Amino acid sequence: MSRRSFLVSTAALAAAAGPLSAVAHAAAKTPKVLVIGLDGALLNRIKDAEAPALKALMSAGLTAPSAIYANPLAPTSSGPGWSTLITGVWPDKHKVLNNDFTGHQLAKYPDFMTRIEAAKPALRTYAVSSWNPITDIIFSAKVDTRVSTPSAEYDAGTTSRAVAEVKSGNPDAVFVQLDNIDHAGHDSGAASQAYLDAIHGADTQVGQIVDAVKSRATYGDEDWLIMITADHGHTDPGGHGGSSWPERQTFMIATGSTVAAGSVRHDVRMPDIAASALAHLGVAIDPAWGLDGRPIKETTPDDFDALRAKLTGPVDEGGIGSGVIGFTHTPPSGWSVDNSRMGTGGITEWRGWSFTTDEFWTKAERDQQRELNIRARGVFAVADGDEWSDKTFSGTFDSTLISPAYDVTGGRPATLTYTTYYRQEAPQKGEVLVSYDGGAPVTVKTYTADTPSVVENVRLDVPAGARKAQVRFRYTGGNNWYWVIDGVKIKAS
């Protein structure tokens, strides 16, 4: 076909497609990603600091506070934190359990830039870091450019290198780590003016990098997803690694074409950074990768999250703090709780199934592994016999959480999916039962041993002629441990 014939044919196709198709084609922009990590930064102190660049990004996009794990899964330190953000999986998978990286599984769960290179090798990837293990170990040699900034240059050198790459190069994915906020936290504590000053300095550097993005001659033809995050928090006196709420803090600040200005979300977790970067660049996320993250643009409504505005403060729990909002016994629309066999008395917050948040639940009692509930998001359901029994009670803990009726097709298998975390002590038991069209519930899963935070997929053999399926989660026990449920759904197999 001659060039003229090709052009005529193309024009005819465009005309046939109509004006909307032509506009959509003209509006297509090149996706690009910038991730900036602020080591040891606390979101609440960013809000207190003189930080105009970061606050402008928050106004223009998404602010998502989040929290991480604690020991015995992994300490709140940089090795596990950055590995989680960069690989898109939690420490139980990538196995970076300290700053020595001993026994890591980064080859099995590689960084998001390595996945970009495998899927789209023509894209240019660039990572620069003041804390060298990030670019020496976490990001693999398959990344186009890895720069471990010489210590004498520190964050100033990291920033200047990032600015030069963004301005003069043509990167598609950029990662930058700035370290000085963490340094100030160790030296002076998160409650200090020095820590606020370090945030101000990092804010200036973030502004320089973002300005470099906007100064690109091709910026108008590009679609930049910018994400700011942190690997862990800090205590007021200084330091991290433990299980306190400040040490477990992280966040995402994000701007981009798919992010609503001034939005706030509570369902974003650390692994979502990597997943969001991949999705924005058009890299299909293979379920076989086992990523724990999900792209922020793929919002998945959860029934329990709808309860956030209805959560109330503590009643009997004295150590949570009066300003912490976080529990209700009222289920979301379509759900119910059967407490007809439930004992009396006990701690009000945990009498039967409760709906709560990570902050509220972990502050009820630290260092009993509640911090390991890593795969639940936002508001979740918990049956906690251990906390319930901390006040005079009678009888046993026996409560059943009942789902709405889900559509199924008779004679065709379906999959019951839910996130769970279960800690066992006999005679405690967790049972998952399913009934069809109002019939007798049948047990499909039983928990009588510790089960780490996982996403369960239970096959349901739907009887012929069945049209609806309903799920029951029954927890029985006493002064034992707990069971968490979240993200319940049934779909055709």
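How much space lies in the second largest pocket? About 420 Å³. Let us start with that pocket and then look around the rest of the structure, bearing in mind that this is a predicted model.

## The second largest pocket

Lining the second largest pocket are 21 residues, and those closest to its centre are W245, H266, R308, T357 and E359. By class, the lining holds nine nonpolar, seven polar and five charged residues.

Two elements, β2 (62–67) and α13 (358–364), each supply at least two residues of this lining. Of the contributors, β2 gives the most, with three residues.

## The largest pocket

The largest pocket has a volume of about 1,100 Å³. Its lining is made of 35 residues, with D292, R294, T419, V455 and K489 lying nearest the centre. Sorted by class, the lining has 15 charged, 12 nonpolar and eight polar residues.

Strands take part here too: β16 (414–423), β19 (451–460) and β21 (482–492) each bring at least two residues to the lining of the largest pocket. The largest share, five residues, comes from β21.

## Enclosed cavities

Now for the spaces that are closed off. Three cavities of 30 Å³ or more are counted in the model, and the largest cavity holds about 50 Å³ of space.

Around the largest cavity sit L225, T258, S276, H280, P295, I296 and K297. This lining divides into three nonpolar, three polar and one charged residue. Two of these lining residues, S276 and H280, also appear among the buried residues of helix α12, which is where we go next.

## A helix wrapped by its surroundings

Helix α12 covers residues 272–280, and nine of its nine residues are buried, so the helix is largely enclosed by the rest of the structure. If you would like to find them in the model, the buried residues are D272, I273, A274, A275, S276, A277, L278, A279 and H280.

What do the buried residues of α12 pack against? Their partners are the strands β1 (30–38), β6 (222–229) and β7 (249–255), together with the helices α5 (78–87) and α7 (112–119). After α12 comes G282, which has a positive phi, near 80°.

## Two helices that meet α11

Two packed helices are described by the angle between their axes and by the distance between those axes. Helix α11 (residues 193–214) packs with helix α9 (residues 154–168) at an angle of about 10°, and the two axes are 8 Å apart. Angles under 35 degrees count as roughly parallel, and α9 and α11 are therefore roughly parallel to each other. On the α9 side, D155, A156, T159, A162, V163, V166 and K167 take part, and they meet Q205, Q208, I209, A212 and V213 of α11. By class, this contact has seven nonpolar, three polar and two charged residues.

Helix α4 (residues 52–60) also comes up to α11: their axes come within 7 Å and cross at roughly 60°. The pair α4 and α11 is therefore oblique. From α4, the contact uses P52, A53, L54 and L57, while α11 offers D203, V206, G207 and V210. Here the classes are six nonpolar, one polar and one charged.

Definitions and conventions
Residues are numbered from 1 along each chain as its sequence is written. This is a predicted model: local features need pLDDT of at least 70, side-chain atom pairs count only at pLDDT 80 or more; totals for chains, interfaces and linings use all residues. Side-chain values use heavy atoms; hydrogens and water are left out. Buried means under 20% relative accessible area, exposed over 50%, partly exposed in between (1.4 Å probe, protein chains only). Helices (H or I, at least four residues) and strands (E, at least two) are DSSP runs, numbered from the N terminus. Contact means heavy atoms within 4.5 Å. Axes are lines fitted to C-alpha atoms, for helices over the stretch in contact, and angles run from 0 to 180 degrees between N-to-C directions. Angles under 35 degrees count as roughly parallel, over 145 as roughly antiparallel, 65 to 115 as roughly perpendicular and the rest as oblique. Ala, Val, Leu, Ile, Met, Phe, Trp, Tyr, Cys and Pro count as nonpolar, Asp, Glu, Lys and Arg as charged, and the others, Gly among them, as polar. On a 1 Å grid over the protein atoms alone, a cavity is a set of points where a 1.4 Å probe fits but cannot get out, and a pocket is an open set with protein on both sides within 12 Å along at least five of seven lines; lining residues have an atom within 4 Å of a point. Grid points are joined across faces, edges and corners, and a volume is the space filled by probe spheres set on the points.
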